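Open the model in your viewer and get ready to click along. We'll go chain by chain, then look at where the chains meet, then stop at a few individual residues.

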Amino acid sequence: MKILTLNFVTCARKACKASPAAFPLRPREAELEIVEQDINPLFVRNVLPRLEWDALREVCGELGLQQLPSTAPSPDDLFTTTPAAADTAMADAADAHEPRPSQLLRDLHTLLLETTMRSGKLVCGNCGHEYAVKEGIANFLLPSHLV
Amino acid sequence: MDKSSGDGGNVFLVRLVQVYESFRRAELEAIADLLEFKMDILDYNDDSPFCLVRLPSIQNARALISRTIIAHAIYVLWGSGSDYPSLRTSVREQSAHLWAPFAESSFRFEIDSFRGKRSMKEQRSIIESFSWLPLNGPIVMRGAELTLTVFEDWAAGDQKRRSQEQKPDSESQDPESAIASSSLPRPPQPKRLYLGQLIAESGRSHALAKYDLKKRVYVSTTSFAAEIALVTANMAHAAPGRLLYDPLAGTGSLPVACAHFGAMTCGSDIDGRMIRGKGGRRSVVGNFEQYGFKERWLDGWVSDLTNSPLRGLGDEEATRRAGWLDGIVCDPPYGVREGCKTLGKRREERNAVVEGPVYIDGKLSHLLDGYVPPKKPYSFDAMLDDILEFAAVMLVENGRLAMWVPTANENNIALVTPMHPHLELVSECIQSFNKWSRRLLTYRRLRAGEIDRSTKSRKRTYGTGVTANELNSFRKKYFEGFKPTQS
Ligand SMILES: [Zn+2]
């Protein structure tokens, strides 16, 4: 389960939906891996305003990942019209003015779409229920007494 | 009336495929809406594969056809008529301004006769009847700079009548002399003719070959055929940068189709085996890898629609500010193969079992490996309403829900189309099989300003029967058997 998806899920129990403590689910015994993916700048730009930034920071903290700025970056920060130094020689005149992925966008891509929780548990801060993650797939089915 | 000028834009002929008739217009409209250009449908008939549209530009025509699945190609319309003389007059009057750039171009003519057949001799005679066009370039069979196609639309059965009535020597008659010799009974002729300049072919044949289930690594009996899955993705506005979700993903056929159009996708299923697959490449991830876009599969997880873990549900504040999914695609299981399931106990179990955790050997049973939650029968109608409620909360403004629902062909089941005050029904398409049919319902999440605050979500009451049969009117009908189709 990718870090981005962790920002989209909360406890499956109806009783926990209204509780702020249920979100984000707390990763426990998490085994992480980086699965390299092609960068998708348009997607990162579109998904950025839909993130719960504070929850993302919390999860990063719990997983011991990079420290994120306290406020969400603006979509404008994801692109730069100045070519990176290494690319300058390669870029032709027309290309130089095309928006390019900024370092921030590359970092967000790595964090949100390449960092994956391979196994572990996701724990609800409200009811304490634990959801297992195995081979990257989380199981949110509830036992009958919690339905 | 000159359709090719005035009012801005050009008239194009879309060469549709004569299948899934009720989806074709809706598919074109969905794409024009997604790509945000104005399209006027000037002439469309379920009985014909020739559709005339007005579009602002040739670039729009290319963009439209590149995504269309139930079409072969798009053409600039050079003229139309009810017979060859009127077609030629129409071409002279409407397209003269289009000829000049092609004066020296290589070119070729094609004849596309729908429900009709022309001998080589007739084809030559038809093509020669356009020899007055000022085209001086070489005629080539491949790689022509200009391809002109004559389209003939025959009424059903007319071609057969024509062959029967034709005397052996009338083969030599060209279409014009057949018309001229008015003393003889006129053999049936095409009811409508068009001349079009090819602009671009659709991605249809490439996509259908690529996503053919026979070549897919991981499929099941519920996997969606490529063609209709791709149309579903068009209806849901799958596109680069967007996030689409299938809450009943199965082997991921609908997400794969959405990813074909560049969308990021995710999915879940109540059956963990479907999401995990059979190991290695035989999994949803494996399918995405097979098609070379594994980065478009965000995640798959195991969950139940009625107890979804997605954030935003059950939160009044979130409901008001709209969700974070661009589109939802789904094919709810209507229980022909098995009763619809949702987590929870059957009524009798609820009564019999003391509420609370179950322990096996001192361990909580639901934490043991291989734990299968009990499933209770779930009315199909209730499930559809749950999906609409889910979509209303989870979709962004103008986001789309494309959902399949079964409909029996001939019986007294009312064709109920579930509605929600935050969702507008965009289109309703029917796919008919021998003894049953299903519909693709497409909804748009209204913008905040469009939602009528006075409208309260209506609540229906559902059957409280215990068996799947009692709950699911379609499944009941299915197993009772349909009357044989009248034909
Ligand atoms: Zn909880």
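**Stop 1: chain A**

Start by selecting chain A. Its secondary structure consists of 5 helices and 6 strands. Follow the chain from its start and you'll meet them in the order α-β-α-α-β-α-β-α-β-β-β. Before you go further, keep in mind that this is a predicted model.

Now colour chain A by burial if your viewer can do that. The chain has 147 residues, and 48% of them count as buried. About 7000 Å² of chain A is exposed, with carbon and sulfur atoms supplying 50% of that area. Among the contacts in chain A with a separation of 6 or more, 67% are between residues 24 or more positions apart.

While you're here, zoom in on A:Phe23 and A:Pro24. The peptide bond joining them is cis, with omega at about -5°. To get your bearings, A:Pro24 sits in the loop between α1 (3-6) and β1 (26-34) of chain A.

**Stop 2: chain B**

Switch to chain B. Here you'll find 16 helices and 18 strands. Of the 487 residues in this chain, 53% are buried. The exposed area of chain B comes to about 22300 Å², and carbon and sulfur atoms make up 51% of it. For contacts in chain B with a separation of 6 or more, residues 24 or more positions apart account for 76%.

Next, select residues 12-164 of chain B. UniProt, in an unreviewed entry, lists this stretch as "domain: tRNA (guanine(10)-N(2))-methyltransferase TRMT11 N-terminal". Over those residues the chain is 37% helix and 27% strand. Pick the C-alpha atoms at the two ends of the stretch and you'll find them 35 Å apart.

**Stop 3: where the chains meet**

Show both chains together. How many residues of chain B are in contact with chain A? The count is 42 residues of chain B, touching 38 residues of chain A. Between them the two chains bury about 3500 Å², 57% of it on carbon and sulfur atoms.

Turn on side chains along this interface. There are 17 residue pairs in polar contact between chain B and chain A. On the chain B side, the elements that give two or more residues to the surface touching chain A are α10 (272-276), β10 (297-302) and β11 (325-330). Of the chain B elements, β10(B) gives the most to that side, with 6 residues.

The interface also has 2 salt bridges. For one of them, select B:Arg311 and A:Glu52: their side chains meet at 3.8 Å, N to O.

**Stop 4: A:Arg50**

Stay at the interface and select A:Arg50. You'll find this residue in the loop between α2 (41-47) and α3 (53-62) of chain A. Is A:Arg50 buried or exposed? Its relative accessibility is 18%, so A:Arg50 counts as buried, the cut-off being under 20%.

Now bring up what surrounds A:Arg50. Leaving aside neighbours within four places in sequence, its contacts in chain A are A:Asn7 and A:Phe8. From chain B, A:Arg50 touches B:Arg311, B:Trp324, B:Leu325, B:Asp326 and B:Val396. Click on B:Asp326 in particular: its side chain and that of A:Arg50 are joined by a polar contact of 2.8 Å.

**Stop 5: two backbone angles in chain B**

Go back to chain B and select B:Tyr20, in the loop between β1 (10-16) and α1 (21-34). This residue is not a glycine, yet its phi is positive, at about 40°.

Then jump to B:Arg115, in the loop between β5 (107-114) and α4 (120-128) of chain B. Here too is a residue other than glycine with a positive phi, this one near 65°. B:Arg115 counts as partly exposed because its relative accessibility is 27%.

**Stop 6: B:Lys215**

For the last stop, select B:Lys215, in the loop between α7 (204-210) and α8 (226-235) of chain B. At 49% relative accessibility, B:Lys215 counts as partly exposed. Not counting residues up to four places away in sequence, B:Lys215 touches B:Ala209 and B:Gln290. Follow its side chain and you'll see it reach the backbone oxygen of B:Ala209 at 2.8 Å.

Finally, draw a distance line from B:Lys215 to B:Ser95. These residues are 120 apart along the chain, and their C-alpha atoms are separated by 45 Å.

Notes
Residues are numbered from 1 along each chain as its sequence is written. Chains are lettered from A and ligands numbered from 1 in the order in which they are written. This is a predicted model: local features need pLDDT of at least 70, side-chain atom pairs count only at pLDDT 80 or more; totals for chains, interfaces and linings use all residues. Side-chain values use heavy atoms; hydrogens and water are left out. UniProt positions are given in the numbering used here, feature names are shortened, and annotations may be inferred rather than shown by experiment. Helices (H or I, at least four residues) and strands (E, at least two) are DSSP runs, numbered from the N terminus. Buried means under 20% relative accessible area, exposed over 50%, partly exposed in between (1.4 Å probe, protein chains only). Contact means heavy atoms within 4.5 Å. Accessible areas come from the Shrake-Rupley method with a 1.4 Å probe; for residues, only the protein chains shown count as cover. Buried area is the accessible area (1.4 Å probe) that two parts lose on being put together, summed over both. A salt bridge is a side-chain nitrogen of Lys or Arg within 4 Å of a carboxyl oxygen of Asp or Glu. A polar contact is a pair of N or O atoms within 3.5 Å; within protein, one must be able to donate a hydrogen and the other to accept it, and residues adjacent in sequence count only if both atoms are side-chain atoms.
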